[in-house]
Amino acid sequence: MTKVLVLYYSSYGHIEKMAQAVADGVREAGAEVAVKRVPELVPQQLAEQSGYKMDQTAEIATVGELETYDAIIVGTPTRYGNMASQMKNFWDQTGGVWFAGKLIGKVGSVFTSTASQHGGQETTITSTQTVLFHHGMVIVGLPYSFAGLVGLDEVSGGTPYGASTLAGGDGSRQPSENELAGARFQGKHVAQIAGKLAS
Ligand SMILES: Cc1cc2nc3c(=O)[nH]c(=O)nc-3n(C[C@H](O)[C@H](O)[C@H](O)COP(=O)(O)O)c2cc1C
């Protein structure tokens, strides 16, 4: 069975929610999915003061397990148009995996969250994809066959590079139905392609 890892970091829960939707899409494709987080790096007291969502129950991923999946779908909120340092720190520990070429030919994909509409969704996704390219992964985005990419009737995330959501300046906006549908579509699409490649 095709095995997919949804690997995420989330401070306030938006990416956590998107990760669950991505995982639902993977399951729809009949693949096996694990949803795991990377470790928090912000001191606990500061995280609590900043209102971080502290009750996230997803297991912490290890670098060693990456090679056991056919696809890895990375979810990270934007930090100044780039991935969060927590996620970068995780990938910066994958030198041995890179050296041994363990991820070459596997599928890689990325989804994100920003506070504002033009706050750097595309740059966060594509700069995160760069890391996956260096690992030799086959990059998959969110195709326009997901009709929710082109609607103009509501404010929505969603890019051809990967699913996305808008959290709002104070984080109060939650992923919309359209954004969650994009996340599910991406999960299913990645799992289907990974299945074809693995066979
Ligand atoms: C240090 C820092 C930098 C950020 N940079 C941006 C940014 O460049 N553009 C933007 O729209 N939001 C920015 N944000 C907002 C986060 O992207 C937002 O809180 C996040 O997408 C919410 O996802 P989460 O609930 O999964 O953490 C930043 C937040 C922090 C703490």
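**Exercise 1. Find how many bridges join S1 to strand S2, and in which sense the two strands run.**

Solution.
- Locate S2 at residues 32-37 of this predicted model. Strands here are DSSP runs of E, at least two residues, and helices are runs of H or I, at least four, numbered from the N terminus.
- Count the bridges: six join S1 to S2. Strands pair if DSSP finds at least two bridges between them.
- Read the sense: S1 and S2 run parallel.
- Check one pair: Val4 has Val33 as its bridge partner in S2.
- Trace the connection: the chain goes from S1 through helix H1 (residues 14-28) to S2. This β-α-β crossover is right-handed: with the strands pointing away from the viewer, the path from the first strand over the helix to the second runs clockwise.

Residues are numbered from 1 along each chain as its sequence is written. The model is predicted, so local features need pLDDT of at least 70 and side-chain atom pairs count only at pLDDT 80 or more, while totals for chains, interfaces and linings use all residues; side-chain values use heavy atoms, without hydrogens and water.

**Exercise 2. Explain why strand S1 is largely enclosed.**

Solution.
- Take residues 3-8: five of the six are buried, so the rest of the structure largely encloses S1. Buried means under 20% relative accessible area (1.4 Å probe, protein chains only).
- Add strand S4 (residues 71-79): S1 pairs with S4 in the parallel sense over five bridges. Leu7 has Val74 as its bridge partner there.

**Exercise 3. Identify which element gives the largest share of the shell around the ligand.**

Solution.
- S4 does, with three residues.

Terms used:
Buried < 20%, exposed > 50% of the residue type's maximum accessible area, 1.4 Å probe, protein only.
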